[in-house]
Amino acid sequence: MITCLAALAAVGCASQGSVVLPARQHDKAAQAAELANPQLTAREQVLTAYTGYWQANTAAVDAGNAAAARKLLARYMTPAALPGVLAALEPDWARHAVSSGSPVLHIQSVKVTGSRAVVHDCVDLSHAGLASARTGAVYSRSFGSSHANYYADLVLTGHRWLVSNLVPVVAPCEP
C-alpha cells in the first residue's frame with residue numbers, strides 16, 4: 001500500500017536548516033484535459049498520472065480530512081491503494097498539519113507494458129514537508145531526502161492510468 005508520508009520518514013527525514021520552497025503548481029483544468037487526451041502516448045499519459053498523483057497527495061494533506069482527501073486522490077490512485085494513504089495522513093490531520101512546499105520530481109525511467117507501467121523517480125523531497133495550519137511554523141523534521149529513490153506501479157483502468165503502489169527504495173539515486 002502506498003503510505004507516502006510514512007515513506008517520507010523511511011527515506012530519511014532529517015533536521016534541516018532554512019530552505020527556499022518552490023511554488024506549488026495546481027492547474028487542475030489543464031491536468032484533467034491531459035489525462036483524458038488520447039493523443040498522448042502511453043508514456044506521456046503515465047507521466048501525467050504520476051505527476052498528478054504527487055500534486056493530489058499534497059492537496060490531500062491540506063484537505064484536513066479523509067472524505068475530502070479521498071476525492072482528490074481517487075483520480076490518481078486505485079481504490080485498493082487509497083485506505084493506506086488516508087490512514088497515513090490521519091496523524092497529520094490530527095495535529096493540524098498542512099503541506100509546506102512541493103516535491104521535485106526527477107523521473108529516471110518509465111516502462112509501459114500493456115496495461116501496467118513502472119516509473120522510477122529520484123524525487124527531491126527536501127522541499128516538501130509539513131507546517132502547522134494554526135501557526136504556519138514549518139516542522140523542520142518533516143522534510144525528506146533530496147535523493148529519494150521511488151518506484152511507482154501504475155495500472156490502466158478504463159482510459160486512466162492510476163498509481164497502485166509507491167515503493168521507496170533504500171539505495172542511492174542521482175537526479
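**Close-ups around Leu-73, from a predicted model**

**View A. Leu-73 and the company it keeps.** In this predicted model, Leu-73 touches Tyr-53, Ala-56, Asn-57, Ala-60, Leu-82, Val-85 and Leu-86, not counting neighbours within four places in sequence.

**View B. Helix H3 packs against helix H4.** Here we're looking at H3 (residues 42-63) and H4 (residues 66-73), whose axes come within 8 Å and cross at roughly 170 degrees. Angles over 145 degrees count as roughly antiparallel, and H3 and H4 are therefore roughly antiparallel to each other. On the H3 side, the contact is made by Tyr-53, Ala-56, Asn-57, Ala-59, Ala-60 and Ala-63; H4 answers with Ala-68, Ala-69, Leu-72 and Leu-73. Sort the residues of this contact by type and you get 9 nonpolar, 1 polar and no charged.

**View C. Leu-86, a buried residue of helix H5.** Leu-86 sits in H5 (residues 82-94). With a relative accessible area of just 4%, Leu-86 is buried, since the cut-off for that label is under 20%. Setting aside neighbours within four places in sequence, Leu-86 has contacts with Ala-66, Ala-69, Arg-70, Leu-73 and Trp-93. Take Ala-69: it lies 17 residues from Leu-86 in sequence, yet the two C-alpha atoms are 7.3 Å apart.

**View D. The largest nonpolar core.** Zoom out to the 33 residues of this core, and Tyr-53, Leu-73 and Leu-154 are the ones touching the most other members. Two or more residues each come from H3, H4, H5 and strands S3 (116-123), S6 (148-157) and S7 (160-169). H3 gives the largest share, 9 residues. In soluble globular proteins, nonpolar side chains tend to be buried together.

Terms used. Residues are numbered from 1 along each chain as its sequence is written. This is a predicted model: local features need pLDDT of at least 70, side-chain atom pairs count only at pLDDT 80 or more; totals for chains, interfaces and linings use all residues. Side-chain values use heavy atoms; hydrogens and water are left out. Axes are lines fitted to C-alpha atoms, for helices over the stretch in contact, and angles run from 0 to 180 degrees between N-to-C directions. Helices (H or I, at least four residues) and strands (E, at least two) are DSSP runs, numbered from the N terminus. Angles under 35 degrees count as roughly parallel, over 145 as roughly antiparallel, 65 to 115 as roughly perpendicular and the rest as oblique. Contact means heavy atoms within 4.5 Å. Ala, Val, Leu, Ile, Met, Phe, Trp, Tyr, Cys and Pro count as nonpolar, Asp, Glu, Lys and Arg as charged, and the others, Gly among them, as polar. Buried means under 20% relative accessible area, exposed over 50%, partly exposed in between (1.4 Å probe, protein chains only). A nonpolar core is a set of buried Ala, Val, Leu, Ile, Met, Phe, Trp, Tyr and Cys residues joined through side-chain atoms within 4.5 Å.
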